[in-house]
Amino acid sequence: MALLGSAFLGLITLLVALLAPTVIHYSKIGGPFLTPKPTVLGEGQGPIVIEDTVHCEDVHHYRPANLLFTACEDEITTRFDWFPGLGHLEPHAAGRGSIHVVDPKTMKSSRLIFENFEGQFVTHGIDVIADPKNAAAVYIFAVNHLPNPAFVQASEKEREGIESARSQIELFHHVLHSKTVQHVRSIRHSLVYTPNDISAVSPEEFYVTNDHYYRDGLLRLIEDIWPFAKWSNIINVRISDMKAKDATAGLDASVAHSGLWNNNGLGAGRSDDEIVISSAVGGELYLGQLHAVNHTISIHTTIPFDTVTDNPSYYTDPYRSESDDASGFVVAGVSQGIYLGQTGHDINGKDPLQVWYTRQTSSGTWENKLLFEDDSSRIRTASAAVLVPIEPKGGNGRKQAWLFVTGFLSESMVAVQVDL
Ligand SMILES: *[C@@H]1O[C@H](CO)[C@@H](O)[C@H](O)[C@H]1NC(C)=O
């Protein structure tokens, strides 16, 4: 009896020890006790609603042309049933989205017309990079969560054990200010199975996160809630044949980093050899060094937040001085992610959000500041945000910018004016 009692006590102690970090973490990041406090905006601060930006998960500010690029679902219903990023796996619902350009001066979005790209396009993370051979053009990498044809064709009975999704990356080329986008090639590799976000180093090389190891089921749930389930990784992909017709041909890939929990968003860092990585449910940003020699990443800095951290971006303050530099990282996330399992399937659901900004102080510490918060009434979910600088006027030294916020379930991207 005594033996049994102490074994029982031991089991309880073990369970508490194992569960405590999860519970503590979740009461912070998952937001069960959070009361959203929507940011009060003054006269002229927005929100400006950008029309025709339905469910655009990611956004990038291409500074040389002062244009924003985003990839959108375009259809309000499809994502609630098919979006592998959320574990929504009804392949009949897979849609056809598009790449949009948003002009931060007119606050208008225009869809680019595909010239040679047919079929489904289920959008998620993107990256935009200059064409080294043409200053007036860019390359756009975009995740495409295609259903697996073998799964679609199989009968209900045969589907057991067949992967439902066969995600790939699409590479596009776009001449700035033109209305079209050309498909360069598709990229599919067995190491890239749950792609989420992309950070390109050149038109021939990029990094991509696998946000989960498991696509569905109990093990995916464990990955979502268990801080020790560090099964996600980052893959480096090199393209040797830009003209390959076969998505799997003319490329090579290797693991660039593994051992982070739910690594999710990627962005360019402060220099060419720096990358910023987020752990979404971990609520952390990591700064890492890219090693060109072996295509790996080593992480040197961790910046913790108190909310889900999705796609990060780096803002370079064009008006910086030695004593006043507003450059910093911006990261958006849902603030009550604990409910996403239910709300994610509900077209009328609500998903509050926060957008954070962090900059390094002169003493080297990171100072986090809440830039925007909403209870889902002005925008639902936030997964990416970028800052577009506003020219300082009146010499009062105030640093301001337009913050563009978009989400994986947002009906429209919004722009709000913020002080940095
Ligand atoms: C990759 O190269 C860098 C720089 O030479 C080195 O520090 C790192 O340990 C290497 N990583 C691996 C996994 O070989």
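**Figure 1. Overall view of the predicted chain.** Helices (H or I, at least four residues) and strands (E, at least two) are DSSP runs that are numbered from the N terminus. The model shown here is predicted, and its secondary structure comes to 4 helices and 27 strands. The radius of gyration of the chain is 21 Å, which agrees with the value near 22 Å that a compact globule of 420 residues would have. Taken along the principal axes, the box filled by the C-alpha atoms is roughly 80 × 55 × 50 Å. Buried residues account for 55% of the 420 residues, and, of the contacts between residues at least 6 apart in sequence, 60% join residues at least 24 apart. About 18,600 Å² of the chain is exposed, with carbon and sulfur atoms supplying 55% of that area. Side chains counted as positive number 31 and those counted as negative number 49, the centres of the two sets lying 3 Å apart.

**Figure 2. Close-up of the largest nonpolar core and of Leu-403 within its surroundings.** In soluble globular proteins, nonpolar side chains tend to be buried together. The largest nonpolar core of this chain has 20 residues, of which Val-355, Phe-372, Leu-387, Leu-403, Val-405 and Leu-420 touch the most other members. At least two residues of this core are supplied by each of strand 22 (328–334), strand 23 (353–360), strand 24 (366–374), strand 25 (384–390), strand 26 (400–406) and strand 27 (413–419). When residues up to four places away in sequence are not counted, Leu-403 touches Val-330, Val-355, Leu-371, Phe-372, Ala-385, Val-386, Leu-387, Val-414, Ala-415, Val-416 and Val-418. A second core, separate from this one, has 19 residues and includes Ala-71, Ile-99, Ile-140 and Ala-142.

**Figure 3. Close-up of strand 9, with Asp-127 and Ala-130.** Asp-127 lies in strand 9, as does Ala-130, the strand running over residues 123–131. Asp-127 has a relative accessibility of 9% and therefore counts as buried, the cut-off being under 20%. Leaving aside neighbours within four places in sequence, Asp-127 is in contact with His-60, Tyr-139, Ile-140, Phe-141, Ile-198, Ser-199 and Ala-200. Val-201 is 74 residues from Asp-127 in sequence, and their C-alpha atoms are 9.8 Å apart in space. Ala-130, at 35% relative accessibility, counts as partly exposed. With residues up to four places away in sequence again left out, Ala-130 touches Tyr-62, Ala-137, Val-138, Tyr-139 and Pro-203. A separation of 29 Å is found between the C-alpha atoms of Ala-130 and Leu-409, which are 279 residues apart along the chain.

**Figure 4. Close-up of Trp-231, ahead of strand 15.** Trp-231 is placed in the loop between helix 3 (217–225) and strand 15, and its relative accessibility of 34% makes it partly exposed. Not counting residues up to four places away in sequence, Trp-231 touches Tyr-213, Tyr-214, Leu-219, Ile-222, Glu-223 and Leu-260. The C-alpha atoms of Trp-231 and Tyr-314 are 26 Å apart in space, the two residues being 83 residues apart in sequence.

**Figure 5. Close-up of the loops on either side of strand 16, with Lys-245 and Asn-262.** Lys-245 sits in the loop between strand 15 (232–239) and strand 16 (251–260), where its relative accessible area of 83% places it among exposed residues. Although Lys-245 and Arg-185 are 60 residues apart along the chain, their C-alpha atoms are separated by 6.7 Å. Asn-262 lies in the loop between strand 16 and strand 17 (263–268). Asn-262 is buried, with 5% relative accessibility, and has a positive phi of about 50° although it is not a glycine.

**Figure 6. Close-up views of backbone geometry at Pro-47 and Ser-376.** The peptide bond from Gly-46 to Pro-47 is cis, with omega near 5°, and Pro-47 is found in the loop between helix 1 (2–29) and strand 1 (48–50). Ser-376 lies in the loop between strand 24 and strand 25. Its phi is positive, at about 95°, although Ser-376 is not a glycine, and its relative accessible area of 9% makes Ser-376 a buried residue.

Definitions and conventions:
Residues numbered from 1 in each chain as written. Predicted model: local features only at pLDDT ≥ 70, side-chain atom pairs only at ≥ 80, totals over all residues. Heavy atoms only, no water. Rg over C-alpha atoms; globule rule 2.2 N^0.38 Å. Buried < 20%, exposed > 50% of the residue type's maximum accessible area, 1.4 Å probe, protein only. Contact = heavy atoms within 4.5 Å. Areas by Shrake-Rupley, 256 points an atom, 1.4 Å probe, with all protein chains shown as cover. Lys, Arg positive; Asp, Glu negative; His and termini not counted. Charge placed at Lys NZ, Arg CZ, Asp CG, Glu CD. Core = buried A, V, L, I, M, F, W, Y, C linked by side-chain atoms within 4.5 Å.
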